[in-house]
Amino acid sequence: MNGRFIVIEGLDGTGKSTQIQLLAKRLRENNIPVEITAEPTAHESGRLIRRILSGEIKCDPWATAALFLSDRITHNTSEDGIQALTEKGNTVISDRYYYSTFAYQGMDTDLNWAMDMHYSCPLIRKPDLVLFLTMSAEKCIERINTNRKAEEIEIFENTETLKRISSQFDKVFSLIKDKENIVYIDADGTIEEVSDRIFSAVKTLF
Ligand code: TYD
């Protein structure tokens with residue numbers, strides 16, 4: 001049987017990475033094979049994007065959005081990608097997906113354009129479930145500052161920017177709520193509490 005495709009989205013600092021690891025562990029304990037993927041990918045396209053996000057290379061926001069689309073097609077179609085992994089029976093959990101492009105690049109370009117190019121691309125699979133980790137921008141910044149060195153903080157990570165991205169995420173998810181399976185997860189809690197919230201949403205898929 002083909003595996004499921006689950007996406008976890010949320011602002012930087014919401015604890016996505018920790019929660020993805022825990023979710024994978026819990027699913028594996030239930031004999032469900034799991035592979036974790038992430039965007040930007042580790043492919044050449046993703047590496048280029050990381051150099052843009054760090055500020056090392058300048059890139060027009062429209063071009064950046066198109067690079068994310070390209071990296072996402074690779075994420076779907078490569079040998080280690082979503083399609084191949086799910087066909088082998090693995091459930092794939094992706095750290096971010098097109099919702100991030102809608103939220104981050106959608107602000108500086110045109111949201112409808114960003115949405116259209118994804119929804120009209122036959123190679124980009126719609127997830128079975130997207131978990132949106134919610135937390136205030138202030139709290140996210142607090143967590144980012146305690147967890148990371150200054151040189152690791154990317155261009156999107158200051159409170160004002162995070163607030164803008166947060167409201168853009170809200171806007172995006174309300175616009176697409178009828179055509180996607182979205183579950184909001186309150187990420188302000190202990191690691192175990194948040195993990196339980198996530199697991200009870202994911203269980204419904206199996
Ligand atoms: P990353 O260092 O992977 O960390 P995290 O996801 O834990 O924050 O950062 C990825 C960055 O890429 C993040 O700042 C958001 C940005 N991004 C976009 O701007 N658009 C996208 O489509 C994606 C997938 C990510």
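Which polar side-chain atom lies 2.8 Å from a nitrogen atom of the ligand? In this predicted model, that atom belongs to Gln-105. Taken alone, the ligand exposes 550 Å², of which the protein buries 90%. Oxygen atoms of the ligand also take part in polar contacts: one is 2.4 Å from an N or O atom in the side chain of Asp-12, and one lies 3.4 Å from a polar side-chain atom of Lys-16.

The shell around the ligand holds 16 residues, and those that come nearest are Asp-12, Arg-72, Arg-96, Thr-101 and Gln-105. By class, eight residues of the shell are charged, five are nonpolar and three are polar. Two or more residues are given to the shell by each of helix H2 (44–53), helix H3 (61–77) and helix H5 (98–108). H5 gives the most, with four residues.

Backbone geometry was also examined. Arg-96, one of the residues that come nearest to the ligand, has a positive phi of about 80° although it is not a glycine. Arg-96 is placed in the loop between strand E3 (91–95) and H5, and its relative accessibility of 11% makes it buried. A positive phi, of about 60°, is also found at Asn-31, likewise not a glycine. Asn-31 belongs to the loop between helix H1 (16–29) and E2; with a relative accessible area of 71%, Asn-31 is exposed.

The peptide bond from Glu-39 to Pro-40 is cis, with omega near -5°. Pro-40 sits in the loop between strand E2 (34–38) and H2.

How values were computed: Residues numbered from 1 in each chain as written. Predicted model: local features only at pLDDT ≥ 70, side-chain atom pairs only at ≥ 80, totals over all residues. Heavy atoms only, no water. Near = heavy atom within 4 Å. Polar contact = N/O pair within 3.5 Å; in protein donor to acceptor, adjacent residues only side chain to side chain. Areas by Shrake-Rupley, 256 points an atom, 1.4 Å probe, with all protein chains shown as cover. Nonpolar A, V, L, I, M, F, W, Y, C, P; charged D, E, K, R; others polar. Buried < 20%, exposed > 50% of the residue type's maximum accessible area, 1.4 Å probe, protein only.
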